[in-house]
Structures are given as C-alpha cells and as structure tokens.
Amino acid sequence: MSKLCVAYWDIRGLAEPIRLMLEWASVEYEDKRYKCQMVPPYDRSAWNDVKPTIGLDFPNLPYLIDGKVMITESWAIMKHIARNHDLLPAKGEEHITDMAEGVVGDFRKSFTTICYSDFAAKCDDYFAKDLPVKLEKFEAWFSKHDWVGGNKLTYVDFALCEILDQMQLARGTALEGYPKVKAYLQTFENLDKIKAYRESKRFNKQPCNNPKATWGGQPE
C-alpha cells in the first residue's frame, strides 16, 4: 500500500495542522512540498505546471491522496483524517466543534491578513487592540473546557494551536495575560507525538507563509 501523501507549499501555512494530525496519529506519510520562488515575481510554476495533471477534481493546495481518496481544501482533509483517527467531536458536542471550526478559521485569517499586508505598520495595533478581544473569549472558554471543540481533542485543536504558536513566534508576549490559553497550547505541544515531531529535523519553525508575506515568509 502506498503512503498517504500530503502536498502543499514548502511552508507551514494551511498544511501544518494536517501534518500535526498525522504525526499525532502515527501515520506514515509523504510530505510533498512545492517550492515558490523566494523573490519577485514569486514564480509558482513548480505547482502550476503539474496542477492539471494530478487528477484532482478541484485542484488546489493543500491536497491529500489516501489510496483512492483524493481531497483538496484543508478542513475537508482534516476531517478525513479525523474520521479515521478518533479526532471527531464527542457525541453531543458536534455543534461545538462546528462552531469552533468557524471561529478558528476567522481567528487564523485575522492574523494571516496582516502577515500578507504591511506587518510592520499593523502589528502593534493588532497585538495591542485586535488580538486581546479574541483571546479574552478563548480565555473564558478554556476556563470551562479542556479543548476548543469541547472536552475531547478534535481536529480543530490542531488548527488553533498552530496559529497560536505562529502568533507567539511573531511576538513572544502575544499570549501574556491569558494563562488558560497558554496552558491549553502547552498541553497540546507537550503531547508526546507532537513534542517529538516539533523537536525533530522534519519540523521547521519558518517559513510560516509564502515569500511575498511581510512576516514569516523567509526560512530561519
């Protein structure tokens, strides 16, 4: 049987939560990465040239090939993995996880938007004004729940913890004043298989974004 394949740009981006899920589930997989030119015009031909040839119904990155299953769209990929590895919500908490998926998607977008605009000009306002409003809600949530989808680890936690980690990477004090959020992230990152992956040579702190980003677009 061929290995499951996850393909994306050679960055963390939308694929890192997927990689984290596969690591947590001890799934052997091919981590296929397409290179984007590091300087303008940021040539993407490494992906664009093969995009029509793979056999995907809706070609896009990331994509997953798992035997006969071929999927694009990051949430769809994560749910496929979740169904196979007990990362769906507990019975009776499905509505919470559905809500959390939307909340986390919006939360991620709020950060990546400034990463792809003028980060230096906008980051102070974001971390001082915008982010605290969002973190206060998560702080209240984690005072009552273990995980973002309820009281069971689900696929949505992998997405939230990934973007929280990126925020801390961008500004080390991003989570200061929110002990429940910090404890939540630490609990996740201390899961044995997550910790082992993040300490391995296969994990890259940077780049988080593609080269045209104004933050997180370059290797360490």
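## Briefing on helix packing, sheet and backbone features

P41 is found in the loop between β2 and α2 (45–48), and the peptide bond that leads into it from P40 is cis, with omega near 10°. This is a predicted model, and the points below take up its open sheet of 4 strands, the packing of α1 with α3 and of α5 with α7, the cysteines, and some backbone features.

**The sheet**

- The open sheet has 4 strands in the order β2-β1-β3-β4, and the pairing among them is mixed.
- The edges of this sheet are taken by β2 (29–34) and β4 (69–72), each of which has a single partner strand, so that one side of each is left without a neighbour in the sheet.
- From one strand to the next, the twist averages 15°.
- Strand β3 (residues 63–66) and β4 run antiparallel and are joined by 4 bridges; within this pairing, L64 has I71 in β4 as its bridge partner.
- Helix α3 lies across β3 and β4, and runs at about 140° to β4.

**Helix α1 and its surroundings**

- Helix α1 (residues 16–24) and helix α3 (residues 74–84) have axes that come within 10 Å and cross at roughly 5°; because angles under 35 degrees count as roughly parallel, α1 and α3 are described as roughly parallel to each other.
- In this contact, P17, I18, M21 and L22 of α1 meet S74, I77, M78, I81 and A82 of α3, and by class the contact has 8 nonpolar residues, 1 polar residue and no charged ones.
- α1 is mostly covered, with 8 of its 9 residues buried, namely E16, P17, I18, R19, L20, M21, L22 and E23.
- The buried residues of α1 pack against the strands β1 (4–9) and β2, and also against the helices α3, α6 (155–170), α7 (179–189) and α8 (192–198).

**Helices α5 and α7**

- Helix α5 (residues 119–142) packs with α7 at an angle of about 70°, their axes being 7 Å apart, and the two helices are therefore roughly perpendicular to each other.
- L135, F138, E139 and F142 in α5 meet P179, K180, V181 and Y184 in α7, and the residues of this contact divide into 6 nonpolar, no polar and 2 charged.

**Cysteines**

- The count of disulfides comes to 0, where a disulfide would need a pair of cysteine sulfur atoms within 2.5 Å.
- For C123, the closest cysteine sulfur is that of C115, which at 9.5 Å is too far for a bond; C208 is likewise in no disulfide, the nearest cysteine sulfur, again that of C115, being 7.8 Å away.
- C123 is buried, with a relative accessible area of 9%, and C208 is also buried, with a relative accessible area of 0%.

**Backbone features**

- A cis peptide bond also runs from Q206 to P207, with omega near 0°, and P207 has its place in the segment after α8.
- S26 is not a glycine, yet it has a positive phi of about 60°; S26 lies in the loop between α1 and β2 and, at 49% relative accessibility, counts as partly exposed.
- E73 is not a glycine either, and has a positive phi of about 80°; E73 lies in the loop between β4 and α3 and is partly exposed, with a relative accessible area of 45%.

How values were computed:
Residues are numbered from 1 along each chain as its sequence is written. This is a predicted model: local features need pLDDT of at least 70, side-chain atom pairs count only at pLDDT 80 or more; totals for chains, interfaces and linings use all residues. Side-chain values use heavy atoms; hydrogens and water are left out. Axes are lines fitted to C-alpha atoms, for helices over the stretch in contact, and angles run from 0 to 180 degrees between N-to-C directions. Angles under 35 degrees count as roughly parallel, over 145 as roughly antiparallel, 65 to 115 as roughly perpendicular and the rest as oblique. Contact means heavy atoms within 4.5 Å. Ala, Val, Leu, Ile, Met, Phe, Trp, Tyr, Cys and Pro count as nonpolar, Asp, Glu, Lys and Arg as charged, and the others, Gly among them, as polar. Two strands pair if DSSP finds at least two bridges between them. Buried means under 20% relative accessible area, exposed over 50%, partly exposed in between (1.4 Å probe, protein chains only).
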